[in-house]
Amino acid sequence: AQELLYQLTALLEQELRCQPNASGLRLIESAHDNGLRMTASLRDFEVKDLLSLTQFFGFHTETFSLAVNYLDRFVSKMKVQPKHLGCVGLSCFYLAVKASEEERNVPLATDLVRISQYRFTVSDMMRMEKIISEKLSFKVKATTAFQFLQLYHSLIHENLSCERRKCLNFERLETQLKACHCRLVFSKAKPSILALSVLALEIEEQKLLELTEALEFLQLHSKINSRDLTFWKELVLKCLTEYSSSKCSKPNGQKLKWIVSRRTARQLKRSYYRITHLPTIPETSS
């Protein structure tokens, strides 16, 4: 536990160094959908596409969280036109894959462009990768909400009995965080606050009263005030409630299946076809 606290302290010291530009995010939120400017809805659609790709290739949640971080940092700093957003998004995704996944699991750029169904070339993506890396000052090791969620969960899990541990399922927490990443508003929150909000809300939902003291300790250690935590918890609850409704569009990996030719299919690994669908949120505990 002491080692985990050291890791948490290190993350807390680093989290503000690789955050999106707050004023840039506000400009995106206030932009009108006229086809000329980047908007929140366009950004959210792009992130859902990146989540579909993450599921399609079987990549880790950290890879997705990192790709969202790159994307938000770039679009909050640069004036990205809607027609270039797909290239920006996929380039951020590929940078995250190469930074986070094992080298043997990194797909060829040609396969990635083809499967994603975008109408730009590999050369276009390589040029965009270079631009993004330069604008992000080559800071590819960013601190993400997923890293905080992992640490918070590991620290608090020890306070539960073996029977109760199944009530705080980490895969469910991951799914909730992914849903939040698909909304631009959560990019304005510090990664630590977003992660703790997801965890705190789940603890309340599952009525794990024995974790109250441990949760308060994490909040104090992370220097998160109660007002901010309450504010973001309410937004997370609203997001997850809307996500669980039938009206909410969810990432769809099925649309990626048909584009793979026989030649490409032979080059891809079998795991690429294991498309994991996001479960409905919220779920009842088993």
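**Helix packing and local features of an all-helix model**

The axes of helix H4 (residues 61–75) and helix H5 (residues 82–100) cross at roughly 135° and come within 8 Å of each other. Axes here are lines fitted to C-alpha atoms, for helices over the stretch in contact, with angles running from 0 to 180 degrees between N-to-C directions. Helices (H or I, at least four residues) and strands (E, at least two) are DSSP runs, numbered from the N terminus. H4 and H5 are therefore oblique to each other; angles under 35 degrees count as roughly parallel, over 145 as roughly antiparallel, 65 to 115 as roughly perpendicular and the rest as oblique. The crossing of H4 and H5 is right-handed. A crossing gets that label if the near helix is turned clockwise from the far one by less than a right angle, and is left-handed if anticlockwise.

All of this comes from a predicted model, in which local features need pLDDT of at least 70, side-chain atom pairs count only at pLDDT 80 or more, and totals for chains, interfaces and linings use all residues. Residues are numbered from 1 along each chain as its sequence is written, and side-chain values use heavy atoms, with hydrogens and water left out.

On the H4 side, Glu62, Thr63, Leu66, Ala67, Tyr70, Leu71, Phe74 and Val75 take part in the meeting with H5. Their partners in H5 are Leu85, Val88, Gly89, Cys92, Phe93, Leu95, Ala96, Val97, Ala99 and Ser100. Contact means heavy atoms within 4.5 Å. Sorted by class, the residues of this H4 and H5 contact come out as 14 nonpolar, three polar and one charged. Ala, Val, Leu, Ile, Met, Phe, Trp, Tyr, Cys and Pro count as nonpolar, Asp, Glu, Lys and Arg as charged, and the others, Gly among them, as polar.

A second pair is formed by helix H8 (residues 145–157) and helix H10 (residues 170–181), whose axes come within 11 Å and cross at roughly 155°. That angle makes H8 roughly antiparallel to H10. The crossing of H8 and H10 is right-handed too. Here Ala145, Phe146, Leu149, Gln150 and His153 in H8 meet Phe170, Leu173, Glu174, Leu177 and His181 in H10. The contact of H8 with H10 has six nonpolar residues, three polar and one charged.

Stepping back to the whole chain, the protein has 14 helices and zero strands. Of its 286 residues, 51% are buried, where buried means under 20% relative accessible area, exposed over 50%, and partly exposed in between (1.4 Å probe, protein chains only). Among contacts between residues at least 6 apart in sequence, 80% join residues at least 24 apart.

Some individual residues illustrate this. Alanine 142 sits in the loop between helix H7 (122–135) and H8, and is buried, with a relative accessible area of 5%. Leaving aside residues up to four places away in sequence, alanine 142 touches Cys18, Leu66, Asn69, Arg73 and Gln147. Its C-alpha is 9.5 Å from that of leucine 16, though the two are 126 residues apart in sequence. Glutamine 14, in helix H1 (residues 2–14), is partly exposed at 34% relative accessibility. The C-alpha atoms of glutamine 14 and threonine 144 are separated by 10.0 Å, with their positions 130 residues apart along the chain.

Glutamate 202 belongs to helix H11 (residues 191–205) and counts as buried at 2% relative accessibility. Its contacts, not counting residues up to four places away in sequence, are Cys167, Leu168, Arg172, Leu173 and Gln176.

Two lysines stand out by their backbone. Most residues other than glycine have a negative phi. Lysine 207, in the loop between H11 and helix H12 (212–221), instead has a positive phi of about 55°; this lysine is exposed at 62% relative accessibility. Lysine 223, in the loop between H12 and helix H13 (226–244), also has a positive phi, near 55°, and is exposed with a relative accessible area of 75%.

As for confidence, the mean pLDDT (the predictor's confidence in each residue, from 0 to 100) is 84, and 85% of residues reach 70 or more. Among the elements, H4 has the highest mean, 96, and helix H14 (residues 262–267) the lowest, 50. Over residues 248–261 the pLDDT is below 50, and this stretch has 36 contacts beyond near neighbours in sequence. Residues 267–286 also stay under 50, with 46 contacts beyond four places in sequence.
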